[in-house]
Amino acid sequence: MSEVEDTEDADKVKADIKRQLKENGLSAYKVNVRERNVKQVEKENRWLDIESKVLADLQENKEYKNVTYKKTDVTLKQPVTVAIVTPINKSDDEAQEYSEKIKREINTFLQTKDIKKQSKGDSYKVVIYDQDDQVIS
C-alpha cells in the first residue's frame with residue numbers, strides 16, 4: 001500500500017508503478033494507492049514531534065520518569081488528544097492528584113513559546129490513563 005499526497009493524481013501514480021513493475025517483469029502484483037490530505041499529514045507529523053517533546057520533558061522529572069505516551073488518531077477537525085499512561089492505578093488514593101499534576105505540567109509545556117509556534121494554534125486536550133488503560137482524568 002502506497003500513500004500519496006492529495007496534490008498528486010493517485011491514478012497516475014498507480015499507472016507509473018504498474019508500468020515500472022511490468023518493465024521489470026513483475027506484472028502479477030496488485031497496486032493500491034491511497035491519497036492523503038497534505039494538511040492532515042502535516043498536522044500528524046507536527047503533533048508526533050510535539051508529543052515526543054512532551055514525554056521527554058515529563059521524563060526529565062524523577063516523579064514522572066515511568067510515564068509513557070499513548071498513540072492517538074490526529075484528525076483535521078478534532079482537537080488533538082495528548083494521551084499519557086501512568087504507572088499508577090486509578091483506584092489509588094493519590095491517582096487523581098497525580099494525574100492533575102501531570103496535566104498542569106503538560107499544559108505549561110504546551111504553552112511555551114516554541115511549542116505554541118509549532119502547534120500552530122491547534123486545539124488539544126490532555127488525557128491521563130492509569131496502568132490498566134483506564135482514564136484517570
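Here is a friendly set of questions and answers about this predicted model.

Reader: How many helices and strands does the chain have, and in what order do the elements run from the N terminus on?

Author: Good place to start, since this is a predicted model and its elements give us a map. The chain has 4 helices and 5 strands. Read from the N terminus on, the elements run β-α-β-α-β-β-α-α-β.

Reader: What radius of gyration does the chain have, next to that of a compact globule of 137 residues?

Author: Let's begin with the yardstick: a compact globule of 137 residues would come out near 14 Å. The C-alpha trace of this chain spans about 65 × 30 × 25 Å along its principal axes. For the radius of gyration, the chain has 21 Å.

Reader: What share of the residues of the chain count as buried?

Author: A residue is called buried when its relative accessible area is under 20%. Arg36, in strand E2 (residues 33-36), is one example, with 16%. Of the 137 residues of the chain, the share that count as buried is 34%.

Reader: How many salt bridges does the chain have?

Author: Here is the idea behind them: side chains of opposite charge can pair when their charged atoms come close. For a pair to count, a side-chain nitrogen of Lys or Arg has to lie within 4 Å of a carboxyl oxygen of Asp or Glu. By this rule, the number of salt bridges is 7.

Reader: Which residue forms a salt bridge with Lys12?

Author: Look in helix H1 (residues 10-23), where the two partners are 4 residues apart and so separated by about one helical turn. Lys12 is exposed, at 52% relative accessibility, while its partner is partly exposed at 27%. The closest N and O atoms are 3.5 Å apart, and the partner of Lys12 is Asp16.

Reader: Is Arg36, which meets Glu44 in a salt bridge, buried or exposed?

Author: The N to O distance in this pair is 2.7 Å. Glu44 has a relative accessible area of 25%, which makes Glu44 partly exposed. Arg36 has 16%, and because buried means under 20%, Arg36 counts as buried.

Reader: How many residues apart in sequence are the parts that the pair of Arg46 and Asp122 ties together?

Author: The side chains of Arg46 and Asp122 meet in a salt bridge with an N to O distance of 2.5 Å. Arg46 lies in helix H2 (residues 38-59) and Asp122 in the loop between helix H4 (113-119) and strand E5 (124-129), so the pair ties together parts whose separation in sequence is 76 residues.

Reader: Are Arg46 and Asp122 buried or exposed?

Author: We can use the cut-off of under 20% again. Arg46 has a relative accessible area of 15%, so Arg46 is buried. At 16% relative accessibility, Asp122 also counts as buried.

Reader: Which residues form the negative surface patch?

Author: Start with Asp93, found in the loop between strand E4 (80-85) and helix H3 (95-110). Asp93 has a relative accessible area of 78%, so Asp93 is exposed. Together, the residues that form the negative patch are Asp92, Asp93, Glu94 and Glu97.

Reader: What distance separates the C-alpha atoms of Arg36 and Asp92?

Author: Arg36 belongs to strand E2, and Asp92 is part of the negative surface patch. Along the chain the two are 56 residues apart, and their C-alpha atoms are separated by 43 Å.

Reader: What distance separates the C-alpha atoms of Lys39 and Leu21?

Author: Lys39 has its place in helix H2 and is exposed, with a relative accessible area of 58%. Lys39 and Leu21 are 18 residues apart along the chain, and the distance between their C-alpha atoms is 31 Å.

Reader: What is the phi of Lys120?

Author: Lys120 sits in the loop between H4 and E5. With a relative accessible area of 61%, Lys120 is exposed. Although Lys120 is not a glycine, its phi is positive, at about 55°.

Reader: And what is the phi of Asp133?

Author: To find Asp133, go to the segment after E5. Asp133 is partly exposed, with a relative accessible area of 42%. Asp133 is not a glycine either, yet it has a positive phi of about 65°.

Notes. Residues numbered from 1 in each chain as written. Predicted model: local features only at pLDDT ≥ 70, side-chain atom pairs only at ≥ 80, totals over all residues. Heavy atoms only, no water. Patch = residues over 30% accessible without salt bridge, like charges linked within 9 Å, V, L, I, M, F, W, Y side chains within 5 Å. Areas by Shrake-Rupley, 256 points an atom, 1.4 Å probe, with all protein chains shown as cover. Lys, Arg positive; Asp, Glu negative; His and termini not counted. Charge placed at Lys NZ, Arg CZ, Asp CG, Glu CD. Helix = DSSP H or I, 4+ residues; strand = E, 2+ residues; numbered from the N terminus. Buried < 20%, exposed > 50% of the residue type's maximum accessible area, 1.4 Å probe, protein only. Rg over C-alpha atoms; globule rule 2.2 N^0.38 Å.
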